Amino acid sequence: MPQVTLEMSPEEIKDLIFQLPAKDFLKIAEEIEQRAETVGMMQLAETGFEEWNEAGEDIYDAET
């Protein structure tokens with residue numbers, strides 16, 4: 001399937017979304033909220049693994 005690329009600014013996308021019927025707008029808003037929560041949790045989880053990236057912690061890279 002060919003891929004289509006659109007060049008739109010966030011402001012243009014927002015303007016289009018605000019033109020949707022309320023039912024569609026609310027569905028998209030809910031999906032965006034879920035995605036934002038997932039991204040936030042992933043970013044938070046990344047901080048728990050920062051210590052593994054320290055030079056002295058290369059024990060985690062050893063293959064058995």
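A residue is called buried under 20% relative accessible area, exposed over 50%, and partly exposed in between. The exercises below apply this definition to a predicted model.

**Exercise 1. Determine which class of exposure Phe 18 and Phe 25 each belong to, and describe how their rings are arranged.**

Step 1. Phe 18 has a relative accessibility of 52%. The cut-off for exposed is over 50%, so Phe 18 counts as exposed.

Step 2. Phe 25 has a relative accessibility of 27%. Partly exposed lies between the limits of 20% and 50%, and Phe 25 therefore counts as partly exposed.

Step 3. A search of the whole structure yields one aromatic pair. Phe 18 and Phe 25 form this pair, with 5.7 Å from centre to centre and 55° between the planes.

Step 4. Planes under 30 degrees apart count as stacked and those over 60 as edge-to-face, the rest being tilted. The pair of Phe 18 and Phe 25 is therefore tilted.

**Exercise 2. State how many helices and strands the protein has, and locate its salt bridges within them.**

Step 1. The secondary structure consists of two helices and zero strands. Helix 1 covers residues 10-17, and helix 2 covers residues 22-46.

Step 2. Two salt bridges are found in the whole structure. In one of them, the side chains of Lys 14 and Glu 11 meet at 3.3 Å, N to O. Both residues belong to helix 1, where they are three residues apart, about one turn of the helix.

Step 3. Lys 27 forms a salt bridge with Glu 31, and their closest N and O atoms are 3.0 Å apart. Lys 27 and Glu 31 both lie in helix 2, four residues apart, about one turn of the helix.

Step 4. The exposure of the partners completes the description. Lys 14, at 36%, is partly exposed, as is Glu 11 at 44%. Lys 27 is exposed at 52%, whereas Glu 31 is partly exposed at 42%.

**Exercise 3. Identify the residues that form a nonpolar patch on the surface, and explain why Ile 13 can belong to such a patch.**

Step 1. The patch is formed by Val 4, Leu 6, Met 8, Ile 13 and Leu 16, which together have about 490 Å² of accessible area.

Step 2. Ile 13 is located in helix 1. Its relative accessible area is 38%, which makes Ile 13 partly exposed. A patch residue needs over 30%, so Ile 13 satisfies this requirement.

Step 3. The setting is the surface of the whole protein. The protein exposes about 6,400 Å², of which carbon and sulfur atoms supply 57%. Of its 64 residues, 0% count as buried.

Key
Residues numbered from 1 in each chain as written. Predicted model: local features only at pLDDT ≥ 70, side-chain atom pairs only at ≥ 80, totals over all residues. Heavy atoms only, no water. Patch = residues over 30% accessible without salt bridge, like charges linked within 9 Å, V, L, I, M, F, W, Y side chains within 5 Å. Areas by Shrake-Rupley, 256 points an atom, 1.4 Å probe, with all protein chains shown as cover. Salt bridge = Lys/Arg side-chain N within 4 Å of Asp/Glu carboxyl O. Buried < 20%, exposed > 50% of the residue type's maximum accessible area, 1.4 Å probe, protein only. Phe/Tyr/Trp six-rings, centres within 6.5 Å; stacked < 30°, edge-to-face > 60°.
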